[in-house]
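Colleague: Could you take a close look at one part of this model for me? I'd like to hear about the salt bridges, and then about how a pair of helices packs.

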Amino acid sequence: MSAEVSVVPQSGRDQPINPAVLKTLRALQREGRPDILSTLITLFLDSARALLTDLEKAANAGEMAALWRASHSLNSASANIGATLLSARCKELEWMARAGPVLNPTARVAAIATEFRRAEAALLAYLGKATEAANGISA
């Protein structure tokens, strides 16, 4: 196993958020209820930020069990919201941490943090558009 962090392609097709997942989540909306997708995005962002902090602490301390738990949780949450590239990075780290010591865990967590920032930006942009639409503001 190489100490290098794998490269995740960043072509135009590799969006930080899979729009099909957002569409599926949007379909769960019920009339007269709070905006479910905005709620799910906000919950994801809050929990993901906390999990990133957990990942950074575990990587710095060399705690494989904590690294596994945080990467497992972030993997699942990311997949559920459509952050497929973030989920893939987390899954890779999860498998490594489960198998034993991870080579260069801080670099791997830094790569996850970078991918999270891409997903976060895309989700925040979506929330901004949803807020504008709810307030009758056109772009």
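Modeller: Here is a walk through the salt bridges, followed by one helix pair.

A word on the ground rules: this is a predicted model, so local features need pLDDT of at least 70 and side-chain atom pairs count only at pLDDT 80 or more, while totals for chains, interfaces and linings use all residues. Residues are numbered from 1 along each chain as its sequence is written, and side-chain values use heavy atoms, with hydrogens and water left out.

Searching the whole structure turns up five salt bridges, each being a side-chain nitrogen of Lys or Arg within 4 Å of a carboxyl oxygen of Asp or Glu. Let's start with Arg 49, whose side chain meets that of Asp 46 at 3.4 Å, N to O. These two sit three residues apart in helix H2 (residues 36-61), so about one helical turn separates them; helices here are DSSP runs of H or I, at least four residues, and are numbered from the N terminus. Arg 49 also pairs with Glu 120, at 2.7 Å from N to O. That second pair links distant parts of the chain, since Glu 120 belongs to helix H5 (residues 105-134) and lies 71 residues from Arg 49 in H2. Through shared partners, Asp 46, Arg 49 and Glu 120 become one network.

How exposed are they? Glu 120 is buried at 16% relative accessibility, whereas Arg 49 is partly exposed at 34% and Asp 46 is partly exposed at 45%. (Buried is under 20% relative accessible area, exposed is over 50%, and partly exposed is in between, with a 1.4 Å probe and protein chains only.)

Another of the bridges joins Asp 35 and Arg 26, at 2.6 Å from N to O. Asp 35 is partly exposed at 26%, and Arg 26 is partly exposed too, at 29%.

Now the helix pair. H3 (residues 64-81) packs on H4 (residues 84-99) at an angle of about 155°, with the axes 8 Å apart. Those axes are lines fitted to C-alpha atoms over the stretch in contact, and angles run from 0 to 180 degrees between N-to-C directions. So H3 is roughly antiparallel to H4, a label for angles over 145 degrees. Residues in contact (heavy atoms within 4.5 Å) include Leu 67, Trp 68 and His 72 from H3, and Leu 86, Cys 90 and Glu 94 from H4. By class, the contact has nine nonpolar, five polar and three charged residues.

Technical notes
Angles under 35 degrees count as roughly parallel, over 145 as roughly antiparallel, 65 to 115 as roughly perpendicular and the rest as oblique. Ala, Val, Leu, Ile, Met, Phe, Trp, Tyr, Cys and Pro count as nonpolar, Asp, Glu, Lys and Arg as charged, and the others, Gly among them, as polar.
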